[in-house]
Amino acid sequence: MKSKKYLLYENERGDAVDISRNINIKRYFKGNIFDQKKVLKPLPTTWLEIDLGQLKKNYQKILKRVGPNVGVISVIKANAYGHGLIPIAKALEVLKTCKIGLASVEEIQLLKNNKIKTPTILLYPPLNTHLGLLLDLNTEITVNNLKSLLLLNKLAKNKNKIAQVQWKM
């Protein structure tokens with residue numbers, strides 16, 4: 001996997017925005033990035049450099065540590081903790097992570113819309129109104145009460161599917 005760096009900044013809504021495609025990073029900062037006088041444009045609130053090569057090294061260290069027959073669930077909820085959900089998910093898919101843990105239905109839809117095939121798990125119990133959609137998205141669903149579990153079972157039967165469930169106590 002080739003190492004790629006991203007220049008991200010946090011906008012006023014708290015979203016991490018990738019600006020690396022639009023900016024020549026070496027020209028963005030004239031010399032020392034801490035010298036405000038040499039900056040071509042006002043500095044973003046924050047910025048991150050994402051090194052996917054380092055992600056690969058870290059993931060391989062985890063695999064060595066847990067052993068050969070243990071699956072790794074990569075938790076990248078909340079826009080991969082502000083690092084960019086899609087690029088991180090694509091990198092983890094190449095590394096063959098067994099599952100991706102997410103925080104919202106919208107994140108799961110985003111991965112599916114971007115052709116990420118790695119299985120997903122919704123880490124938090126969803127609203128019951130989202131259960132049918134989650135079944136259609138073929139994601140593992142966290143459930144924490146009998147009412148939701150029974151409803152999920154009924155919906156799965158109606159859709160001729162088997163629900164993948166994590167029971168949260």
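The following dialogue sets features of a predicted model against their definitions.

Guide: In this predicted model, local features need pLDDT of at least 70, side-chain atom pairs count only at pLDDT 80 or more, and totals for chains, interfaces and linings use all residues. Residues are numbered from 1 along each chain as its sequence is written, and side-chain values use heavy atoms, with hydrogens and water left out.

Visitor: What makes β4 and β5 a pair?

Guide: Two strands pair if DSSP finds at least two bridges between them. β4 and β5 (residues 99-102) have three, in the parallel sense, so the definition is met. Ser74 has Ile100 in β5 as its bridge partner.

Visitor: Why are β4 and β8 said to stand at the edges?

Guide: The open sheet runs β4-β5-β6-β7-β8 with parallel pairing. β4 (73-75) and β8 (165-167) each have a single partner strand, so one side of each lacks a neighbour in the sheet.

Visitor: Which residues of helix α4 are called buried?

Guide: Buried means under 20% relative accessible area, with a 1.4 Å probe and protein chains only. In α4 (residues 85-94), Leu85, Ile86, Ile88, Ala89, Ala91 and Leu92 are buried.

Visitor: What makes a residue part of the lining of the largest pocket?

Guide: A lining residue has an atom within 4 Å of a point of the pocket, an open set on a 1 Å grid with protein on both sides within 12 Å along at least five of seven lines. Here 18 residues line the largest pocket, and Leu55, Val75, Ile76, Ile88 and Leu92 lie nearest its centre. Helix α2 gives the largest share, five residues.

Note on methods: Helices (H or I, at least four residues) and strands (E, at least two) are DSSP runs, numbered from the N terminus. Buried means under 20% relative accessible area, exposed over 50%, partly exposed in between (1.4 Å probe, protein chains only). On a 1 Å grid over the protein atoms alone, a cavity is a set of points where a 1.4 Å probe fits but cannot get out, and a pocket is an open set with protein on both sides within 12 Å along at least five of seven lines; lining residues have an atom within 4 Å of a point.
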